[in-house]
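Below is a short briefing on a pocket, a nonpolar core and one loop residue.

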Amino acid sequence: MKNKDFGTNKTEHSGRILLKQIVVFLIFSAILFGCSTSPSNDEDDSITIETLRSAENIADIQLSIKERNEILEKVKSNTEMYKNFREQHLSYYSYPSMVFNPMPPGVKSNREEKPLVFSEVKIKRPANIEDLAFYSLLQLADLIRTQQITSLELTELYLSRLKKYDKELKFVVTLTEDLAINQAKKADKEISLGNYKGLLHGIPYGIKDLFSVKGYKTTWGSKVFEERTINIDATVVQKLEEAGAVLVAKLSTGELASGEKWYGGRTKSPWTLRSSGGSSAGPASAVAAGCVVFSIGTETNGSMVSPVDVCGVTGLRPTFGRVSRYGCMPVSWSFDKVTPIARTVEDCAAIFSVIIGSDSYDNSVVDLPFNWDANYDIKDLKIGYHSTYFDKEEKGIEQDKDQKGWFEPRSPYIKKVLEFFKKKGFDLIPLDIQLPHLNEGIMLEVEAAAAFDEFTRSTIDDQVEDQKWPNYHRAHRFVPAVEYLQAARYRTLMIQEMNEIMKDVDVYIEMTWSTNWSTNVTGLPIVVVPCGFLKNGQPTSVTFVGKPFQEVKLMAVAKAFQDATDYHLKKPDRFK
């Protein structure tokens with residue numbers, strides 16, 4: 001059945017499309033089975049013995065003349081199968097039946113569900129409503145629950161700030177003003193009638209413009225899709241609406257989820273008015289500038305970590321498989337994660353508790369409980385730290401050239417975090433984390449190429465300003481299926497290796513970015529928390545890493561540090 005929600009808008013440039021499709025089609029047909037094509041004047045014999053011979057160089061195999069002759073007809077007949085696939089016009093949201101599992105073999109998860117326990121917050125409405133812009137989610141939730149403020153008041157405040165500061169920060173793609181006003185009025189009516197749904201009821205938020213929302217543009221940061229509407233609500237949007245949250249804006253992402261530059265400009269951090277990091281650029285910048293209470297971003301490899309670090313806010317990257325990606329642009333089905341971004345760790349816990357769980361679409365989601373308890377006692381947990389760079393420093397060993405400039409300015413701040421936990425009585429366990437990476441990232445790019453198959457075979461990808469991802473899509477059509485699966489097998493060994501490294505700890509602390517690729521490959525959860533400011537005024541952060549599906553322990557440790565500091569309470573001067 002053809003899916004009408006496929007993300008591209010087809011145009012008629014028949015001659016060019018036909019030529020491009022034929023060339024790419026023939027090349028991919030051969031490459032998928034370890035072969036390639038070369039031009040032929042005979043249309044009936046476009047895949048020849050010479051084609052196979054050339055393709056062997058890419059597949060890194062060597063066939064005999066006899067073997068080439070024996071497989072030639074099979075390779076040709078396979079092209080009919082590819083045509084059948086393409087005639088289905090698969091949606092971006094059609095998920096592979098092969099699902100990535102971050103859990104090491106033999107390790108079991110706790111399936112007992114317990115009541116959620118959040119911190120008790122009692123607060124009075126300030127004289128100046130503008131002061132509310134930087135309140136935490138839990139603080140605002142108490143004001144709404146006790147009807148000291150209305151959701152409509154709060155929504156109008158944040159809409160006003162988004163309009164005011166977008167001119168400088170470039171973080172708004174689309175204001176969802178009509179929707180927000182209606183949702184806020186509905187929330188106020190429900191609450192006045194005693195139907196309070198929970199902490200997110202009436203709370204304004206923004207979402208990365210990779211997620212679709214009915215009736216509003218979904219542009220993925222590219223001018224190619226500037227006017228495109230995908231007429232579905234992403235699962236995360238549905239769940240937040242059911243919880244009573246109020247969507248005020250779709251926020252910027254770098255083009256096709258790369259960097260902070262999109263067709264409307266370059267999103268900036270409110271602290272430095274320089275790069276906000278990417279690609280969850282708008283979600284982090286808007287939270288940092290007090291223009292939304294919280295936001296929803298994504299991460300494949302650093303898309304949340306980068307802007308959260310640069311903008312000085314708090315971000316949770318859950319275990320892979322916790323939150324449905326339905327309705328969100330895929331970069332890589334086995335790497336993509338949905339990420340709450342907010343002021344505090346506990347704010348992230350409140351958001352996460354609402355958006356977790358399965359739906360009828362994303363087959364990667366695992367239904368396991370998130371038993372948040374704000375009073376969780378961490379004293380019996382084993383805490384480690386990523387010691388590799390600090391060991392070198394202590395021994396007077398020069399840091400690698402590509403790490404030195406990044407490590408040295410941030411090292412003092414991480415040492416203070418480690419010292420905090422030592423003073424609390426923890427005997428921190430050093431972990432030398434150096435996973436043996438073997439280009440397993442090829443999985444990410446092959447999956448992206450598959451997701452954007454129809455996009456690549458059209459002429460539309462030529463119109464993308466930043467050709468980074470279109471070129472990834474093109475190049476990774478030439479990866480043999482065998483090698484993709486070899487990378488997947490190697491990735492399982494990495495999961496086992498990381499499990500062995502972490503066997504004696506519940507959580508480890510690291511300088512942000514230092515093992516980010518390793519934890520993305522293995523699907524581990526992290527929390528990024530601000531821990532200071534560099535000399536140039538840019539915030540810096542610390543990252544806490546946990547075991548699969550053990551977000552409660554992870555976030556409890558991160559919360560203990562955050563509760564003892566005030567970095568998350570700081571406000572950028574120009575946006576107070």
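Helix H1 (14-32), helix H3 (65-86), helix H13 (442-451), helix H14 (453-457) and helix H16 (481-501) each give at least two residues to the lining of the largest pocket. H16 supplies the largest share, seven residues. The model is predicted: local features need pLDDT of at least 70, side-chain atom pairs count only at pLDDT 80 or more, and totals for chains, interfaces and linings use all residues. Residues are numbered from 1 along each chain as its sequence is written, and side-chain values use heavy atoms, with hydrogens and water left out.

**Pocket**
- The largest pocket (an open set of points on a 1 Å grid where a 1.4 Å probe fits, with protein on both sides within 12 Å along at least five of seven lines) has a volume of about 1,300 Å³.
- Of its 47 lining residues, Pro96, Met98, Trp333, Val446 and Ala450 are the closest to the centre; lining means having an atom within 4 Å of a point.
- The lining divides into 29 nonpolar, nine polar and nine charged residues.

**Nonpolar core**
- The largest nonpolar core (buried nonpolar residues joined through side-chain atoms within 4.5 Å) has 152 residues, and Phe294 is among those with the most contacts inside it.
- Beyond four places in sequence, Phe294 touches residues including Leu137, Leu240 and Ile351; contact means heavy atoms within 4.5 Å.

**Phe426**
- Phe426 is in the loop between helix H12 (401-423) and strand S10 (429-431).
- Phe426 counts as buried (under 20% relative accessible area, 1.4 Å probe, protein chains only) because its relative accessibility is 9%.
- Its C-alpha atom is 9.0 Å from that of Asp380, 46 residues apart along the chain.

Conventions. Grid points are joined across faces, edges and corners, and a volume is the space filled by probe spheres set on the points. Helices (H or I, at least four residues) and strands (E, at least two) are DSSP runs, numbered from the N terminus. Ala, Val, Leu, Ile, Met, Phe, Trp, Tyr, Cys and Pro count as nonpolar, Asp, Glu, Lys and Arg as charged, and the others, Gly among them, as polar. Buried means under 20% relative accessible area, exposed over 50%, partly exposed in between (1.4 Å probe, protein chains only).
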